[in-house]
Amino acid sequence: MSNSSNYFLTWDELHKDTRTLAKQLLGKQTAGTPWKGIISIARGGLIPAGILARELDIRIVDTLCITSYEHDKQGEISILKTIEGNGNGFLLVDDLVDTGTTARVAKQILPKATFVVVYVKPAGKPLTEMFVREFPQDTWLHFPWDSQLVGDDFSYSKPLAAQLKE
C-alpha cells in the first residue's frame with residue numbers, strides 16, 4: 001500500500017451507493033423476469049446483498065464464500081463454501097471488484113449469474129455487468145466495517161478476534 005492512496009467509505013455512502021445499484025437493477029429487471037435470489041460473495045458482499053435484498057424485495061439470499069484478501073494484501077484464493085447450479089436468474093453480489101481474481105473464480109462457479117458490485121477498479125471492470133462508482137486501481141478502499149474514527153480521522157480497525165490474539 002505504500003504507493004497507493006486510501007479512501008475511507010462511510011456507512012451513509014455505502015448505503016446510498018447500494019440503493020443506486022438497486023435502482024439500476026430494477027430498471028434491468030422490468031425488461032425481463034424477476035430475480036430468483038441473491039448470492040453474496042462473503043464477506044464483502046454481505047452488507048450490499050442485504051440492502052439489495054430489501055430494496056428489490058428478494059427473500060432468497062445465499063453465500064459463496066471465497067477468501068482472497070488479508071486486510072491490505074491479496075493472497076491465495078480459497079473456496080470455503082460453494083453454490084449448486086450455474087446461477088441462472090440470480091444476482092451475484094460483491095462490494096468491490098479490484099483485480100478481478102475473486103470475480104473470475106466466482107464467475108466460473110456461477111457462469112449464468114448476473115455479477116454486480118457497488119465499486120469497481122479498472123482491472124476488474126470488464127468482469128462486472130453493473131456497478132455504481134469507479135476508483136483508481138491504486139486506491140485502497142476501506143469499508144465502514146473495517147474502519148474506526150480516531151479523533152477526526154478514520155483508520156483501519158482490527159477485528160475483535162485478532163485483537164484478542166495479540
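**Close-up views of a predicted model**

**View 1. Here are the buried residues of helix 3.** In this predicted model, helix 3 spans residues 101-109, and its buried residues are T102, A103, V105, A106 and I109. They sit on the same side of helix 3, because the arc they cover around the axis is only 165°.

**View 2. Strand 2 is largely enclosed by the rest of the structure.** Let's move on to residues 37-42, which make up strand 2. How many of its 6 residues are buried? The count is 6 of the 6, so strand 2 is largely enclosed by the rest of the structure. Both faces of the strand are covered. On one side you will find G37, I39 and I41, and on the other I38, S40 and A42, all of them buried.

**View 3. Strand 2 and strand 5 run parallel.** Strand 5 takes in residues 90-97, and 4 bridges join strand 2 to strand 5. One pair to look for is G37 with F90, its bridge partner in strand 5.

**View 4. M130 is a buried loop residue.** Follow the chain from strand 6 (114-120) towards strand 7 (133-134), and you will meet M130 in the loop between them. Is M130 buried or exposed? M130 has a relative accessible area of 14%; this makes M130 buried, because the cut-off for that term is under 20%.

**View 5. These are the contacts of M130.** Leaving aside residues up to four places away in sequence, M130 touches L21, Q24, L25, K28, F115, V116 and V117. For a sense of distance, take Q29, which is 101 residues from M130 along the chain: the C-alpha atoms of M130 and Q29 are separated by 13 Å.

Conventions: Residues numbered from 1 in each chain as written. Predicted model: local features only at pLDDT ≥ 70, side-chain atom pairs only at ≥ 80, totals over all residues. Heavy atoms only, no water. Helix = DSSP H or I, 4+ residues; strand = E, 2+ residues; numbered from the N terminus. Buried < 20%, exposed > 50% of the residue type's maximum accessible area, 1.4 Å probe, protein only. Contact = heavy atoms within 4.5 Å. Arc of directions from axis to C-beta. Pairing = 2+ DSSP bridges.
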